Amino acid sequence: MRLTPAIGAQRGSGETVPRPGLELIFTELNRQWETDGRLVPGRLDEAWAVLADRSPWPGG
């Protein structure tokens with residue numbers, strides 16, 4: 001079974017054909033998430049960056 005990418009359709013040559021309708025949906029979803037204060041894929045998560053930067057060892 002062959003699956004196609006979410007934002008494009010594969011041609012036989014491996015070229016991805018843009019599907020602007022789906023891009024508009026995801027752009028609007030990202031805008032709505034930002035408005036709601038939610039984390040948006042591809043953006044830095046400040047809270048996670050602080051946690052990941054800490055030493056896991058006590059006193060470290």
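The accessible surface of this chain comes to about 5,400 Å², and 59% of that area belongs to carbon and sulfur atoms; the areas come from the Shrake-Rupley method with a 1.4 Å probe, and for residues only the protein chains shown count as cover. Before going on, I should say that this is a predicted model, in which local features need pLDDT of at least 70 and side-chain atom pairs count only at pLDDT 80 or more, while totals for chains, interfaces and linings use all residues. Residues are numbered from 1 along each chain as its sequence is written, and side-chain values use heavy atoms, with hydrogens and water left out.

Let me turn to the overall layout. The chain has two helices and two strands, arranged along the sequence as β-β-α-α, where helices (H or I, at least four residues) and strands (E, at least two) are DSSP runs numbered from the N terminus. Of the 60 residues in the chain, 3% are buried, and here buried means under 20% relative accessible area, exposed means over 50%, and partly exposed is what lies in between, again with a 1.4 Å probe and protein chains only.

What, then, do we find in helix H1, residues 20-35? Isoleucine 25 lies in this helix, and Ile25, Phe26 and Leu29 together form a nonpolar patch on the surface with about 250 Å² of accessible area. Patches, for the record, are made of residues with over 30% relative accessible area and no salt bridge, with like charges joined within 9 Å and nonpolar side chains (Val, Leu, Ile, Met, Phe, Trp, Tyr) joined within 5 Å. Leucine 29, also in H1, has a relative accessible area of 34%, so it is classed as partly exposed.

Moving to charges, the structure holds two salt bridges, each being a side-chain nitrogen of Lys or Arg within 4 Å of a carboxyl oxygen of Asp or Glu. One joins arginine 31 to glutamate 28 at 2.5 Å, N to O, and these two residues both lie in H1, three residues apart, or about one turn of the helix. Arginine 31 is partly exposed at 42%, as is glutamate 28 at 40%. Glutamate 34 bridges to arginine 43, with the closest N and O atoms 1.9 Å apart, and glutamate 34 is itself partly exposed at 41% relative accessibility.

Arginine 38 lies over the face of tryptophan 33, at 4.4 Å from the ring centre, the criterion being NZ of Lys or CZ of Arg within 6 Å of the ring centre and within 35 degrees of the ring normal.

Is valine 40, in the loop between H1 and H2, buried or exposed? Valine 40 has 4% relative accessibility and therefore counts as buried. Between C-alpha atoms, valine 40 is 6.1 Å from asparagine 30, although they are 10 residues apart in sequence, and 9.1 Å from leucine 29, at a separation of 11 residues.

Finally, we come to helix H2, residues 46-53, where the number of buried residues among the eight is zero, so this helix lies largely in the open. Aspartate 45 caps the N-terminal end of H2, with a side-chain oxygen 3.3 Å from the backbone nitrogen of alanine 47.

Note on methods. Polar contact = N/O pair within 3.5 Å; in protein donor to acceptor, adjacent residues only side chain to side chain.
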